[in-house]
Amino acid sequence: MSKKGTVYFFTGLAGAGKTTIGGLFYQRLKEKKADAILIDGDLSRTWAGHSTEDGKILLEDRYTTEARKAGAFACFQGCKYYAEQGRDVVICSIAMYTEVRAWNRENIENYREVYLKVTHETLYKRDQKKLYSSRAKNVVGVDLPWDEPGHSSIVIQNDGCETPEEIVGRLVRFFGLE
């Protein structure tokens, strides 16, 4: 069988920069691996009809703890499938449960986890989706608990000291993709 692909998982709270940094990383990766895949949690929920483009939740039953875990496991099983076919996958999502990330480490041979860590002050300043300022309910890290990653391949403090491009350059070097 051919070489297995790598799953690059960008995680962090809403507003941490997962989509921005993960998307830029994907663009750089695609220059070397033309068949790389990008999976973005925000877009996949919109495509599935679970939320609107501005993040408004349409189907509350899709956001229970059980539904979130089931969705995360299904998504990462798909990532594993692609990686086993030799394709690299960049996935940007909160995936807020330790057990999901543990499953990834145990079951995906080439699994790389990038935790984009941000202070709450920065999240409130960015607040692109108005999750923090609107007093919305069911917000991960506010009124919903989340298991902060403890075993990531790399932790990036993303409070604005580096540009997204600088962070991606650092990740490319860290993962030996130069």
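**Exercise 1. What pLDDT does the chain average, and what share of the residues score at least 70?**

Keep in mind that this is a predicted model. Step one: the chain's average pLDDT is 83. Step two: 76% of the residues reach a score of at least 70.

**Exercise 2. Which elements of the chain have the lowest and the highest mean pLDDT?**

Start at the bottom: helix H2 (residues 41-47) has the lowest mean, 50. At the other end, helix H6 (residues 164-174) has the highest, 98. Next, look at two stretches. Over residues 44-52 pLDDT stays under 50, and the model has 19 contacts beyond four places in sequence for them. Over residues 55-60 pLDDT also stays under 50, with twelve such contacts. How should you treat spots like these? Where pLDDT is low, don't read the predicted coordinates in detail.

**Exercise 3. Work out how many disulfides the model has.**

First, the cut-off: the two cysteine sulfur atoms must lie within 2.5 Å. By that rule, the count is zero. Now try cysteine 75: its nearest cysteine sulfur belongs to cysteine 79 and sits 4.6 Å away, and cysteine 75 is in no disulfide.

**Exercise 4. Sort cysteine 75, cysteine 92 and arginine 68 into buried or partly exposed.**

You'll need one cut-off: buried means under 20% relative accessible area. Cysteine 75, at 28%, counts as partly exposed. Cysteine 92 has just 2%, so it is buried. Arginine 68 comes in at 17%, so it is buried too.

**Exercise 5. Place arginine 68 in the chain, then find how far its C-alpha is from that of methionine 96.**

Arginine 68 belongs to helix H3 (residues 65-84). In sequence, arginine 68 and methionine 96 are 28 residues apart, while C-alpha to C-alpha they are 8.6 Å apart in space.

Notes
Residues are numbered from 1 along each chain as its sequence is written. This is a predicted model: local features need pLDDT of at least 70, side-chain atom pairs count only at pLDDT 80 or more; totals for chains, interfaces and linings use all residues. Side-chain values use heavy atoms; hydrogens and water are left out. Buried means under 20% relative accessible area, exposed over 50%, partly exposed in between (1.4 Å probe, protein chains only). Helices (H or I, at least four residues) and strands (E, at least two) are DSSP runs, numbered from the N terminus. pLDDT is the predictor's confidence in each residue, from 0 to 100. Contact means heavy atoms within 4.5 Å.
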